[in-house]
Amino acid sequence: MSAMTQTTDTVLAVGTRKGLWLARSNDRTDWLLSGPYFLMNEVASVALDSRHSPPRILAGLLSPHWGPTVVMSDDLGETWTEPEAGAITFPPGSGDSLGRIWQLQPDSADRPDVVWAGCEPISVWKSTDGGTSFELNQALWNHPHRPDWGEGYGGAAAHTVLPSPADETVHVAISSGGVYRSDDGGDSWAARNRGISAYFLPDPDPEFGQCVHKVARDAGDPSRLYAQNHHGVYRSDDSGDTWVSIAEGLPADFGFVMLAHPRTSGTVWTIPLVADGERIPPDGELAVYRSTDGGGTWTRLDSGLPQSEYNAVLRDAAALDTSEPVGVYFGTRAGDVYASADEGGTFTLVASNLPDVLCVRAAQLGSPEP
């Protein structure tokens, strides 16, 4: 076989407004779908923690009756466990309650038991036992900016948590608060939004308050970040201290998705949308855009995608795997899920007519064969 040919299964997790689905494939073209799990529970966040074999599935559920919780499976959905008292709970007497779990993010391989969570109300939580229990990050919760953070269209949330594999740096993205960075593992936080426009505010260049939609970290250079904002696509080469626009060449500067290649520096994907009230693919034509030069130029990718599509792709409804070549996956608000085994060159349909897709995650069940 050729070098780095993928010979093992890929698992895809699809969180929707009404449950979780799992899909398996040994060629990333033909898929076997199972589910629904947790039918009628909103599944806004999923993590496939590949530090475990098989990958541990963590899912953030929101029950209309019982509220939010985190569930876990170590056998690809055969069985599930849920902490009796809830994995994420505000301290008794605080007067606060968890609204939704927007993000579940495993830390790097050298911190094998650490998992981060971003939640609503705007808060960040850290688990040191693999996701069984989480502790509130008090430094961000008590940040002096917090009373002035706004509520995005989808809610007031810390929706992106990015721990660096290189050091103790952690970035958090908040709607609508902007990007914050900790250089000490979460003990302190500072706004990092210089260069990101907030045209909708009286001061269009504030210290914080930007409506950031998603942030991704470059694989080759952990200090390089990419951000998709409400009207704006940006790159930072200094860990968020300053940002520059990379929107030129895109059909729209609005959207929710930002993905960075797991190995190759400068390669990123986004899915543009027409902004504000419409929130549809430009001209009703769904396409993924890829850059291989850090956002300097963009290539339209739409082979295998429908010619007519008027549904959005949400911020966590897109993901990459770690195969060679990298797989690209996303789901729409119409419940259609697409996969590409060639970095976006060609897409195939994984599933259709699911509920509104909120979250997509992918992982391999083994290592590439040399």
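**A walk through the model, starting at strand E29**

Hi everyone, let me begin with strand E29: eight of the eight residues of E29 are buried, so this strand is largely enclosed by the rest of the structure. Please keep in mind that what you see above is a predicted model.

Who is the partner of E29? Strand E1 pairs with E29 in the antiparallel sense, over seven bridges. If you want a spot to find on the screen, look for Thr 10, which stands opposite Gln 364 in E29.

Now to the nonpolar residues. The largest nonpolar core has 35 residues, and the members that touch the most others are Leu 12, Trp 269, Phe 330 and Val 350. Which elements give two or more residues to this core? They are strand E1 (10–16), strand E2 (19–25), strand E25 (318–320), strand E26 (328–331), strand E27 (337–340), strand E28 (348–351) and strand E29 (357–364). E29 gives the most, with four residues. As a general reminder, nonpolar side chains tend to be buried together in soluble globular proteins.

Let me zoom in on one of those core residues, Val 350. Setting aside residues up to four places away in sequence, Val 350 touches Leu 12, Ala 23, Trp 31, Val 337, Tyr 338 and Ala 339. There is also a second, separate core, of 17 residues, with Ala 87, Ile 88, Phe 90 and Trp 141 among them.

Back to E29, for a charged residue this time. Arg 361 has its place in strand E29. Is Arg 361 buried or exposed? With a relative accessibility of 16%, Arg 361 counts as buried, because the cut-off for buried is under 20%.

So what does this arginine meet? Its side chain makes a polar contact with the side chain of Asp 316, at 2.9 Å. The same two side chains meet in a salt bridge, again 2.9 Å from N to O. Arg 361 lies in strand E29, while Asp 316 lies in the loop between strand E24 (299–301) and E25, so the pair ties together parts that are 45 residues apart in sequence. Both partners, Arg 361 and Asp 316, are buried. A polar atom of the Arg 361 side chain also lies 3.5 Å from the backbone oxygen of Val 46. For the wider neighbourhood, leaving aside residues within four places in sequence, Arg 361 is in contact with a list that includes Val 11, Leu 12, Ala 13, Leu 48, Gln 103 and Ala 318.

On to the other salt bridges. How many does the structure hold? There are 21 salt bridges. One of them joins the side chains of Asp 9 and Arg 24, at 2.8 Å from N to O. That pair links distant parts of the chain, with Asp 9 in the segment before E1 and Arg 24 in strand E2, 15 residues apart. Asp 9 is partly exposed at 24% relative accessibility, and Arg 24 is partly exposed at 33%.

Another salt bridge forms between Arg 51 and Asp 49, whose closest N and O atoms are 2.8 Å apart. Here Arg 51 is partly exposed at 24% relative accessibility, whereas Asp 49 is buried, with a relative accessible area of 1%.

For those of you who think about cysteines: how many disulfides are there? The count comes to zero. Take Cys 211: the closest cysteine sulfur, in Cys 119, is 19 Å from its own, which is too far for a bond. Cys 211 counts as buried, at 10% relative accessibility. Cys 359 is in no disulfide either, and the nearest cysteine sulfur, that of Cys 119, is 13 Å away. Cys 359 is buried too, with a relative accessible area of 1%.

One more sheet before I stop. Four strands form an open sheet in the order E15-E16-E17-E18, with antiparallel pairing. Its edge strands are strand E15 (212–217) and strand E18 (244–245), each of which pairs on one side only. Strand E17 (residues 232–236) is joined to E18 by two bridges, and the two run antiparallel. Within that pair, Arg 235 stands opposite Val 244 in E18.

Last stop: Gly 366, in the segment after E29. Gly 366 is partly exposed, with a relative accessible area of 29%. From Gly 366 to Asp 203 the separation is 163 residues in sequence and 50 Å in space, C-alpha to C-alpha. Thanks for listening!

How values were computed
Residues numbered from 1 in each chain as written. Predicted model: local features only at pLDDT ≥ 70, side-chain atom pairs only at ≥ 80, totals over all residues. Heavy atoms only, no water. Core = buried A, V, L, I, M, F, W, Y, C linked by side-chain atoms within 4.5 Å. Buried < 20%, exposed > 50% of the residue type's maximum accessible area, 1.4 Å probe, protein only. Contact = heavy atoms within 4.5 Å. Pairing = 2+ DSSP bridges. Polar contact = N/O pair within 3.5 Å; in protein donor to acceptor, adjacent residues only side chain to side chain. Disulfide = S-S within 2.5 Å. Salt bridge = Lys/Arg side-chain N within 4 Å of Asp/Glu carboxyl O.
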